[in-house]
Amino acid sequence: MSRPLTSEADLVERAQRGDGDAYDQLVRAHQDIAFRTAWLVSGSSADAEDAAQEAFVKGWRAMARFRPGAPFRPWLLAIVANEARNRRRSAGRREALVLRAAAERRPLDGAASPLEAAVLRSERRDILLAALECLSDDDRAVLGCRHLLGLGEEETAAALGLRRGTVKSRTSRALERLRGELGEAP
Amino acid sequence: MTWRPRRGASGQTLTWRRRRGAPGRILNDLARELEFLAAEVDWPDTPQLATRAAIPPRRRRARRPRRRVAIAIALAALVLATAALAATGVIHLSSGVTIHRVERLPSVDPAPELALGRPVAFAEAQKLLTLKLPPRLRRPDAAYASDVGVNLLYLGPRGPHAVLAVLREDGAGLIDKLVYTSTRIRRVHVEGARGIFIAGVHVVDFLYGPGRRLSQPTLLWTRDGLTYRLESRDALELASAR
């Protein structure tokens, strides 16, 4: 008989009782998205690493204050993003979003795609990224959380320290500005 | 409408052929474009990060006395993954302080002792060494004396805030620092003295006895044959380092 998977609630309960292994499992499950969130907010791999590291330590120390039954990921991301904001570098030193080299060469529609279409789609990605880089840190962070990391409104709100309604309106305005950067604004 | 990039005279531009349709729909299309783009972004690799701690989290109602030094190093209670030490660079602040850049931090004692020394009055500590302290560090909350120098403890509203170790240089190694290759290290000045600031969590090895433990961000500087080591997240501000 297979052993039942440990639920997040169980891990949270154990971690709140001081079980370091349980906390380890909780954090490991979210460390990639936590690090990427920190990277989007801080703009630097080094800062993101420091931020995530500090946040994990702080999270452990704050486990007693975690509300049982609440989802763990938004809580962790909020701590990570807060640390990342404290480390945000100047815009001039920000690491840019870049595409994977392999992806640039690979036609999105598979081998059957006409070469011209593949080239156009590759250019489109480049231009979209370039436009994202032209946005303010706040706009880039909200679009990054919502659409690159795929966080929900609630999680984005927690990560960026905003109200849910603010996330909604800021996302909309950031998309408008992105549209403007792309030369599409009405 | 299609997303067709247009080329200008200077090469690639950010000008696109305008699409027709309701604004909301256009924005939805743009959001979807971003979601497709996510799969193509070259995200930085997630580094190996310590998560596991050996000391249970504090309980709100069972708070320990403020002066319990152990709280100051709750951070040091992490157990890092055991890994080989791969030095990729060395920085010397003085003959006694060496910083090693490493790919991975070594495992550390999960319940280290801070080993500050014997408690003394601050006046006595000042007699042991000629201290030149930045203005915000001139009134420690507690002082300790050890064989190699003195330790000064500063409390904040929620417990210990900083520890300043002032150590005599005697030509032998005093402190080794093991720092992730990606952690920022800055050269700074503390009231005219040369120093180094390590911005992230790292491992400190006190070669004169206390051994290794995890350390918070630390500012190090030397003055008049003494090495000053200030461990605090707010070290730069506390020491007015530039």
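A:Gly161 takes a positive phi of about 70 degrees, just after helix H9 of chain A. This is a predicted model, and that glycine is a good place to enter it.

Step back from A:Gly161 into H9(A), which spans residues 153-160. Six of its eight residues are buried, so the helix is largely enclosed by the rest of the structure. The buried ones are A:Glu155, A:Thr156, A:Ala157, A:Ala158, A:Ala159 and A:Leu160. What do the buried residues of H9(A) pack against? Four helices of chain A: H3 (31-42), H5, H8 (137-148) and H10 (164-181).

Now follow H5(A), which covers residues 72-86. Helix H5 also matters for the next topic, the nonpolar cores. The largest core holds 53 residues. Within it, A:Ala38, A:Ala52 and A:Val80 touch the most other members. H5(A) supplies the largest share of this core, with eight residues. Take A:Ala38 as an example. Leaving aside residues up to four places away in sequence, A:Ala38 touches A:Ala48, A:Ala51, A:Ala52, A:Val80, A:Ala81 and A:Ala84. There is also a second, separate core, made of 44 residues. Among its members are B:Leu116, B:Tyr180, B:Trp221 and B:Ala241. In soluble globular proteins, nonpolar side chains tend to be buried together.

Those four residues lead to chain B. How many helices and strands does chain B have? It has four helices and 15 strands. Chain B runs to 242 residues, and 33% of them count as buried. Consider its contacts with a separation of 6 or more: 58% of these join residues 24 or more positions apart.

One strand of chain B deserves a closer look. Strand E9(B), residues 175-180, is mostly covered. Five of its six residues are buried. E9(B) pairs with two other strands, E4(B) and E12(B). Strand E4(B), residues 97-102, runs parallel to E9(B), and six bridges join them. Here B:Val97 stands opposite B:Ile175. Strand E12(B) covers residues 202-206. Is its pairing with E9(B) parallel or antiparallel? It is antiparallel, over four bridges. In this pairing, B:Lys177 of E9(B) has B:Val204 as its bridge partner.

So much for the route: from A:Gly161 after H9(A), through the core to which H5(A) gives its eight residues, to strand E9(B) with its five buried residues.

Note on methods. Residues numbered from 1 in each chain as written. Chains lettered and ligands numbered in written order. Predicted model: local features only at pLDDT ≥ 70, side-chain atom pairs only at ≥ 80, totals over all residues. Buried ≥ 20, exposed ≤ 12 C-beta atoms within 10 Å, placed from the backbone. Pairing = 2+ DSSP bridges. Core = buried A, V, L, I, M, F, W, Y, C linked by C-beta atoms within 7 Å. Contact = placed C-beta atoms within 7 Å.
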